[in-house]
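Open the structure in your viewer and keep the selection tool to hand. The tour goes stop by stop.

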Amino acid sequence: MTERSAWSSLRAGSLGTRILVFFSALLASILGVSLAVVDTINARGAHAQIKQELAVGEKVFRRLVDQRNRQLAQAAEILTRDYAFRNAVAMRNLDAGTVASLLGNHGSRIGASVAELVSPERRLIADNRGVARVGEPFPFGWLLDQAEVDGRAAGIVVQDGRAYQMVAVPVLAPTPVAWAVFGIVVDDATARELQSLSGLDVSLMAHAPGGAWTMVASTLDPALRAQVGSALAAPHALDPQNADMMLGDAQYETLVVSLEDNGATPVVAVLQRSLDEALAPFRRLHAILIVLLLVGLGLAVAGSVVIVRGVTRPVRALGAMTQRIEEGDYSVPVAVEGADELRELARRFDLMREGIAARQAEILRLAYRDSLTGLPNRTRFRQWLDEALAAARSGGGSVSLLTMNLQRFRHVNETLGHAVGDDVLRRVSRRLAEVVRVEDAAARLGGDEFGVRLDGADPETAARVAERIVQAFEAPIALGPQPLDMRLAVGVATFPQHAEDTEGLLRCADAAMHAAKEAKLDVMVYDASLRERREQSLSLLSELKRAMETGELRLAYQPKVAVRGGAPVGAEALIRWVHPERGRIAPDQFIPFAEQTGFIRTVTPWVIRAAVAQCARWRDGGLQVPVSVNISAQDLLAPGLVEVVTGALSRHELPAALLCLEITETGVMADPPRAVELLAGLHAVGVRLSMDDFGTGYSSLAYIKQLRLNELKIDRSFVGNIVDDSKDRAIVLSAVELAHNLGLSVVAEGVESQAVLEVLRSLGCDAAQGYLFSPALEAEPFADWLRAQQVPAAASA
Amino acid sequence: MRILQVLAIAALAAAGAARAGTIDVRIVDGHGAPVADAVVVAVPAAGLPPLPARPRVEIVDQVDKEFVPRVKPILRGSLVQFPNKDNIRHQVYSFSPAKNFELPLYAGTPASPVTFDKPGVVTLGCNIHDWMVGYIYVAESPYFAKTGADGKATIANVPDGAYTVRAWHPQMSADESQTARRLTVGGDGRAAADWSLALKPEIRIPRAPDADTGGPY
Ligand SMILES: [Cu+2]
């Protein structure tokens, strides 16, 4: 993780920031409080310690002074108890000079700089510093006062600006005959000695008679000394509670100890401890604590960042992964390092990703693959085309599209069943793939329709490929014992020549394919005229609906004639559409279309009613002629056919036997059980039933037996060549024999010559239909034709 | 000799019964407490009587490292014996102007007594035991007495007449001469004198705890 992203995981409001802020604040407050507590305790402790030090210092100080006094006094007493000295002093038999030198000598031995002898009358008898004062009163009478009480006395005196620690002891002989006085000078060295014992700054201050404090000795820096005197002069300066003194910039905890209060010149010792010095260890502690605080904070921040990274990095990785999944990219696995829980979570995420990816792939496969053949489906094919067209648009190439469907596939499906149909589709797709050989080029577009995309192919190349495909399908498809002969109709369209987009290209190829089918060609390349026809057929449906209302649809009738004798035995009603602009439209131009759209279910009842009505009119006119109506496969599947028939018959009170319904073999085979049931119903009504186009399908004889048929019609494709083709003749013969064996009459369609009629007669066919006798005629001409036939018949009869 | 003296005094008293009296003295200190060991001396205005022909012999013992008595008033010219009752030696001395003497270390009674022929206070010390202090008050007049524990003293056999009386005590802060006053003995033969003396504390080296077995001296 880079530095930037490390910090980017600490955005405001993020988990990282919360963790970091929480722990840092917690630590900071704990340390802050500790610091404050420690500081308070330290400050208190420091003050208490200083006070303690000062108190101890005072004791030490006083003890030291006492000790020096005692030492001095003892040393003095050694002299004053000397018998000779006492004798000399008592007897006053030594001159002052001698006594002075004696005193001075002894004094210097004990470190005293002052050595004096004072008379009981308190006048100086001798002075080691000279004779100047001899005879004058001893200035420190209070000292002798004390000595008279205690036997010895000590005190601090100030003389000539110098301070002395002074002792007075009597010269006893054995009662006092004089006072021996010794003084040790108290100076800075003395103060320093005290300082070394107590650790305190020591200043000795004398209160001069004039009222000012004079410093006589000190350990303080010379610069600070003057300030002590003025500080003591301040009101309440000697108050023991007033412990603070500012010297220079520094604060001193101060204890003023009264050393000498008996004389005219009080002397105090000012014991001081620099607060700064005393607090220095605590300040160091404080500094260490602050460093600890900062280090701790730093560690907390670093630790939080690490923890946060450990949490947010996996979370971010998971987030990134889910985003990739959201964008449809399932390929990148997520790898997460960190806590077990997170790794487990990541593993789960990864399993989820794989699951989603697998399901997505399955969905895509289902969405884009045709499950029957395994080929890509129409949706996928469109995508390919979109992509190919986009590439061609930018690259300037061309894309050709072949659409093809299997001729007669529906027939296969209807007669052999869907399982066989599916098998056929699978084999077709396999063969197609073998021919095309380009990966992802062929697709099943639906039903029996396939598409092939040819990148970079112009119309000519595409047509050649189409021819090759068609050739590949010339070999029959081996399907069990029965090889199937499947033929393709292929339409070719090319970008950019024929269409600008996928939709247009598909339409063009479709149009070309349908045109090929209609023209019974294998391959047709799209051209602009096809488009017009296609567009015409698109408008056909609405026009057909209108035609039914406006009477543009009419029925024509083609007679059925007995092969033997030539008498008319019936009429087949054929639909005619006379378009006000386009003129006559052949039934095969709109009936398949009506079948495709389901409109046939509206057309057929109309035909039945019209035919029944016409038949009734002929009957009323004295012409008894059965009428046949064609019923499509869809009509058989739709409910209500029986009701339509019975309704029409009863309305015109026409005997049911005058109506014949012609069904197709493929129509029956679409749903044989249903067909059997329906035809049984119609049979019960009394309607005659005929099987149209017999021989084209693959109907099983077992079914035919159940269908309650009255008539078989032999398809015109067998009849046309019957004169020359012995095979067709054999088929017709066997059909006739079959029909007769089942008790059915046989009608041959498409009889166009006398020769054919003769062959049919020889084969035992019962009736015939075709141009030889009459084309389909409208009702009036048909009636005329019928009467014309009846005249010779009647004449012959 | 002694008998004669006694007889003489008795004769004097008998002869001048109307002329002989006593001086009653009471001395208190500044606090009103009786002062013992104070010496009172009465000096006749008419002049001092002659000294006896034979000097008196007085005794100041040393008992348990103290002078006994501590204060010993004597008449001028008297002899004083310093017998040592302790089983250790003493070295008695005095640097007083009234009598400067020293008895070298001795045990028992020194061979010869010391004559005190100058009036004044002789402070006795011992060079061995610094705390030992004794006083011999050498009076010029035969009329003197020492107060007891009750602070009282009586000077007896004082002939009628006018006297200057004064009091002395080792610790008195004032000068002795300031205590002098005049009085007259007559009438009923009794006179009285009271003093209130301001005393200083005694400056004395404390006794060694056990002088026989230790101590500096
Ligand atoms: Cu002694």
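The stops below cover a metal site, a chain contact and two nonpolar cores in a predicted model.

**Stop 1: the copper ion**

Select the copper ion and show the side chains around it. Which atoms coordinate the ion? The donors are ND1 of B:His90, SG of B:Cys126 and ND1 of B:His129, at 1.8 to 2.3 Å. Along the chain, these donors follow the spacing H-x35-C-x2-H. Now colour chain B by secondary structure. B:His90 sits in the loop between strand E7 (78–81) and strand E8 (92–96), while B:His129 sits in the loop between strand E11 (120–126) and strand E12 (133–139). The two histidines are 39 residues apart, so the pair links distant parts of the chain.

Switch on a surface for the protein chains. Are these histidines buried or exposed? B:His90 has a relative accessible area of 0% and is buried. B:His129 is also buried, because its relative accessibility of 3% falls under the 20% cut-off.

**Stop 2: where chain A meets chain B**

Select the residues of each chain that touch the other. You should get 16 residues from chain A and 17 residues from chain B. About 1,600 Å² is buried between the two chains, and carbon and sulfur atoms give 64% of that area. On the chain A side, pick A:Arg81, A:Tyr83 and A:Pro174: they supply 40% of the area that chain A buries against chain B, more than any other three residues.

Next, display A:Arg86 and B:Asp130. Their side chains meet in a salt bridge, with an N to O distance of 3.1 Å. The interface has 1 salt bridge by the rule applied, and 3 residue pairs are in polar contact across it. Helix H3 (83–91), helix H5 (141–150), strand E4 (162–172) and strand E5 (176–186) of chain A each give two or more residues to the side that touches chain B. Of the elements on that side, H3(A) gives the most, with 5 residues.

**Stop 3: the nonpolar cores**

Select A:Ile608 and A:Leu760. These two have the most contacts inside the largest nonpolar core, which has 86 residues. Helix H17 (residues 600–620) of chain A brings the largest share of this core, 9 residues. Centre on A:Ile608 and show what surrounds it. Leaving aside residues up to four places away in sequence, A:Ile608 touches A:Val629, A:Ile631, A:Leu641, A:Val644, A:Val645, A:Ala648 and A:Leu659.

To finish, go back to chain B and select B:Tyr135, B:Val158, B:Val185 and B:Leu197. They are among the 33 residues of a second, separate core.

Notes
Residues numbered from 1 in each chain as written. Chains lettered and ligands numbered in written order. Predicted model: local features only at pLDDT ≥ 70, side-chain atom pairs only at ≥ 80, totals over all residues. Heavy atoms only, no water. Core = buried A, V, L, I, M, F, W, Y, C linked by side-chain atoms within 4.5 Å. Buried < 20%, exposed > 50% of the residue type's maximum accessible area, 1.4 Å probe, protein only. Helix = DSSP H or I, 4+ residues; strand = E, 2+ residues; numbered from the N terminus. Contact = heavy atoms within 4.5 Å. Donors = N, O, S within 2.8 Å, 3.2 Å for Na, K, Ca; no water. Buried area = accessible area lost by both parts, 1.4 Å probe. Salt bridge = Lys/Arg side-chain N within 4 Å of Asp/Glu carboxyl O. Polar contact = N/O pair within 3.5 Å; in protein donor to acceptor, adjacent residues only side chain to side chain.
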